[in-house]
Amino acid sequence: MAHALPPLPYDYKALEPHIDEQTMRLHHDIHHKGYVDGLNAAEAKLAAMRDSSDFAAVQAVQRALAFHGSGHFNHVIFWENMGPNGGGTPAGDLGSQIQKDFGSFDKFRAHFSAAAATVEGNGWGMLGWNPMAGHLMVLASMNHQNQGVHGTIPILMLDVWEHAYYLKYQNKRPAYVEAWWNVVNWENVAERFDAATSLRAQST
Ligand code: MN3
């Protein structure tokens with residue numbers, strides 16, 4: 001089954017003034033669609049290689065699979081992590097876990113903001129649950145797929161590629177990161193946290 005571009009779960013202008021309508025249209029309709037198409041193309045090529053037993057091009061296609069696959073899934077999480085009634089702080093189990101793993105919500109937020117603001121080139125700020133570690137991790141991912149810790153389940157993603165903010169914020173990525181906290185949909189993040197932690201812990 002081919003992957004499809006899911007519609008935004010809200011209107012293109014729903015996140016204004018923090019993220020503008022034009023950025024959302026270009027970002028979702030053009031950029032995200034490109035990753036979906038790239039992922040489908042990579043999977044089709046790999047299937048053809050398996051059928052023909054000709055793996056001469058496998059290295060490049062595996063690279064494309066990782067790039068476009070991570071790009072697609074990261075964006076799905078990113079859109080759902082935001083909403084027009086966002087902001088504030090997480091309650092419940094997620095709030096408690098953040099307190100436990102980072103000391104306080106403010107320490108987590110400062111850590112996440114700094115990690116996202118300083119990703120070299122393009123990439124993502126990420127909060128994820130690592131079942132093997134048994135705790136939350138802030139990660140700063142170059143491109144869509146590098147500098148991860150395998151097994152970490154992303155629950156909060158912040159896109160810091162220039163296409164995510166340059167029309168409104170130009171080179172001021174930290175200002176975009178600060179504004180983004182106002183549109184975080186913590187209910188969605190908490191749902192993802194509950195789903196991730198329900199997997200059997202494999203603490204090592
Ligand atoms: Mn993007």
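A cavity is a set of grid points where a 1.4 Å probe fits but cannot get out. In this predicted model, the largest cavity has a volume of about 30 Å³. The largest pocket has a volume of about 360 Å³. A manganese ion is held by three histidines and one aspartate: His27, His75, Asp159 and His163. Salt bridges, a nonpolar surface patch and some backbone features complete the briefing.

**Manganese site**

- The protein donors to the manganese ion are NE2 of His27, NE2 of His75, OD of Asp159 and NE2 of His163.
- These donor atoms lie 1.9 to 2.1 Å from the metal.
- Along the chain, the donors of the manganese ion are spaced as H-x47-H-x83-D-x3-H.
- Distant parts of the chain are linked here: histidine 75 belongs to helix H2 (residues 58–80), while histidine 163 sits in the loop between strand S3 (153–159) and helix H5 (166–169).
- Histidine 75 and histidine 163 are 88 residues apart.
- Histidine 75 has a relative accessible area of 0%, so this residue is buried.

**Cavity**

- A search of the whole structure turns up one cavity of 30 Å³ or more.
- Its lining consists of His18, Ile19, Asp20, Thr23, Ala164, Tyr165, Lys168, Tyr169 and Tyr176.
- Aspartate 20, one of these lining residues, is placed in the segment before H1.
- Aspartate 20 counts as buried because its relative accessibility is 14%, and the limit for buried is under 20%.
- Aspartate 20 and lysine 168 are 148 residues apart in sequence. In space, their C-alpha atoms are 7.1 Å apart.

**Pocket**

- The lining of the largest pocket is made of 18 residues.
- Ser70, Asn74, Met126, His144 and Gln145 lie nearest the centre of this pocket.
- H2 and strand S2 (135–142) are the elements that give two or more residues to the lining.
- H2 gives the most, with six residues.
- Helix H2 thus appears in two settings: histidine 75 in H2 is a donor to the manganese ion, and H2 also contributes to the pocket lining.

**Salt bridges**

- The whole structure has five salt bridges. Three of them are described here, beginning with aspartate 11 and lysine 13.
- Aspartate 11 and lysine 13 join their side chains in a salt bridge at 3.5 Å, N to O.
- Aspartate 11 is partly exposed, with 41% relative accessibility.
- Glutamate 80 pairs with arginine 192, and their closest N and O atoms are 2.4 Å apart.
- That pair links distant parts of the chain: glutamate 80 is in helix H2 and arginine 192 is in helix H7 (residues 186–197), 112 residues apart.
- Glutamate 80 has a relative accessible area of 32%, so it is partly exposed.
- Glutamate 178 pairs with arginine 109, with the closest N and O atoms 2.9 Å apart.
- Glutamate 178 lies in helix H6 (residues 173–180) and arginine 109 in helix H4 (residues 105–117), so this pair ties together parts 69 residues apart in sequence.
- Both partners are partly exposed: glutamate 178 has 40% relative accessibility, and arginine 109 has a relative accessible area of 26%.

**Nonpolar surface patch**

- Leu26, Ile30 and Leu167 form a nonpolar patch on the surface.
- Together they have about 280 Å² of accessible area.
- Leucine 167 is in helix H5.
- Leucine 167 is partly exposed, at 48% relative accessibility.

**Backbone features**

- Most residues other than glycine have a negative phi, and most peptide bonds are trans.
- The peptide bond from glutamate 16 to proline 17 is cis, and its omega is near 5 degrees.
- Proline 17 lies in the segment before helix H1 (21–52).
- Asparagine 143 is not a glycine, yet has a positive phi of about 50 degrees.
- Asparagine 143 is placed in the loop between S2 and S3, and at 28% relative accessibility it counts as partly exposed.
- Glutamine 147 also is not a glycine, and its phi is positive at about 70 degrees.
- Glutamine 147 is found in the loop between S2 and S3.

Definitions and conventions
Residues are numbered from 1 along each chain as its sequence is written. This is a predicted model: local features need pLDDT of at least 70, side-chain atom pairs count only at pLDDT 80 or more; totals for chains, interfaces and linings use all residues. Side-chain values use heavy atoms; hydrogens and water are left out. Donors are N, O and S atoms within 2.8 Å of the metal (3.2 Å for Na, K and Ca); water is not among the atoms, so sites may look incomplete. Helices (H or I, at least four residues) and strands (E, at least two) are DSSP runs, numbered from the N terminus. Buried means under 20% relative accessible area, exposed over 50%, partly exposed in between (1.4 Å probe, protein chains only). Patches are made of residues with over 30% relative accessible area and no salt bridge: like charges are joined within 9 Å, nonpolar side chains (Val, Leu, Ile, Met, Phe, Trp, Tyr) within 5 Å. Accessible areas come from the Shrake-Rupley method with a 1.4 Å probe; for residues, only the protein chains shown count as cover. A salt bridge is a side-chain nitrogen of Lys or Arg within 4 Å of a carboxyl oxygen of Asp or Glu. On a 1 Å grid over the protein atoms alone, a cavity is a set of points where a 1.4 Å probe fits but cannot get out, and a pocket is an open set with protein on both sides within 12 Å along at least five of seven lines; lining residues have an atom within 4 Å of a point. Grid points are joined across faces, edges and corners, and a volume is the space filled by probe spheres set on the points.
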